Amino acid sequence: MSKKLSGKKDWIIDPKINEFLNHLEGGLALAGFPFEDFSPQWVQLEHIDSKAEYNGLIFNQVPKGKDQKFNVCVADDGVHFAGENTSKLPFSFDQSPSKLAVLFLVSIIKGDIVEPPSCPHCNKD
């Protein structure tokens, strides 16, 4: 699947991103929350290690929220959290894009924030 983004060439969007967004957007719409209220923005990113480019979507966890610390980015490998303690919730067999979308959906509907996971190795120090 490809999307036309801001006058640029078609971007290829990973199916895992589409799965996450379909569940999140559909659930938010049923709950009366337009996804546009969460400031979604398609972005092109670069992996730190491999320098490979990939596409993702950044959105804020707060409707009409302006605080960027509540931004997350859905990418092909999981949901990345912004900030100084950058971390992610990875997609896996047991933690599918649809399950993570439901986690964010329920959190948003309840008025909560999904906090970034902490690194168990960092917590030992």
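In what sense do strand β3 and strand β4 pair, and over how many bridges? In this predicted model, strand β3, residues 41-46, and strand β4, residues 53-60, pair in the antiparallel sense over six bridges. E46 stands opposite E53 of β4. The hairpin formed by β3 and β4 has six residues between the strands, and within this hairpin K51 takes a positive phi near 65°.

The secondary structure of the protein chain comes to three helices and seven strands. From the N terminus on, these elements run β-β-α-β-β-β-β-β-α-α. The chain has 125 residues, of which buried residues make up 34%. Its accessible surface comes to about 7,900 Å², and 53% of that surface belongs to carbon and sulfur atoms. When contacts between residues at least 6 apart in sequence are considered, 41% of them join residues at least 24 apart.

The β3-β4 pair belongs to an open sheet of five strands in the order β3-β4-β5-β6-β7, with antiparallel pairing. The edges are taken by β3 and β7; each has a single partner strand, so one side of each is left without a neighbour in the sheet. From one strand to the next, the twist averages 30°. Within the sheet, β5 and β6 pair in the antiparallel sense over four bridges, and V74 has V79 in β6 as its bridge partner.

Helices α1 and α2 both pack on this sheet. Contacts of α1 are with β3, β4, β5 and β6, and the direction of α1 makes about 15° with that of β4. Contacts of α2 are with β4, β5, β6 and β7, and the direction of α2 makes about 120° with that of β7.

Helix α1 has 16 residues and reaches 22 Å from its first C-alpha to its last, close to the 22 Å expected at 1.5 Å a residue. The N-terminal end of α1 is capped by D14, with a side-chain oxygen of D14 lying 2.8 Å from the backbone nitrogen of K16. Buried positions in α1 are I17, N18, F20, L21, L24, G27 and L28. Just after α1, G32 takes a positive phi of about 85°.

Helix α2 spans residues 97-110; its 14 residues reach 20 Å from the first C-alpha to the last, close to the 20 Å expected at 1.5 Å a residue. The buried residues of α2 are P97, S98, L100, A101, F104, L105, S107 and I108. The cover over these buried residues includes α1 (15-30) as well as the strands β4, β5 (71-75), β6 (78-81) and β7 (87-90). G111, which follows α2, has a positive phi near 80°.

Three individual residues illustrate local environments in the sheet and its connections. N55 is found in strand β4. With 12% relative accessibility, N55 counts as buried, because the cut-off for burial is under 20%. The side chain of N55 reaches the backbone oxygen of I12 at 2.7 Å. Beyond residues up to four places away in sequence, N55 touches W11, I12, I13, I17, V43, Q44 and A75. Of these contacts, I17 is also among the buried residues of α1.

S87 has its place in strand β7. S87 counts as buried at 16% relative accessibility, and its side chain reaches the backbone oxygen of P117 at 3.1 Å. The contacts of S87, leaving aside residues up to four places away in sequence, are V79, H80, F81, P116 and P117. V79 is the residue in β6 that serves as bridge partner of V74.

G65 lies in the loop between β4 and β5. At 12% relative accessibility, G65 counts as buried. The C-alpha atoms of G65 and S39 are separated by 7.9 Å, although the two residues are 26 residues apart along the chain. G65 touches D37, S39 and N60, again not counting residues up to four places away in sequence.

Conventions: Residues numbered from 1 in each chain as written. Predicted model: local features only at pLDDT ≥ 70, side-chain atom pairs only at ≥ 80, totals over all residues. Heavy atoms only, no water. Pairing = 2+ DSSP bridges. Helix = DSSP H or I, 4+ residues; strand = E, 2+ residues; numbered from the N terminus. Buried < 20%, exposed > 50% of the residue type's maximum accessible area, 1.4 Å probe, protein only. Polar contact = N/O pair within 3.5 Å; in protein donor to acceptor, adjacent residues only side chain to side chain. Contact = heavy atoms within 4.5 Å. Expected span 1.5 Å × (residues − 1). Axes fitted to C-alpha atoms, helices over the stretch in contact; angles between N-to-C directions. Areas by Shrake-Rupley, 256 points an atom, 1.4 Å probe, with all protein chains shown as cover.
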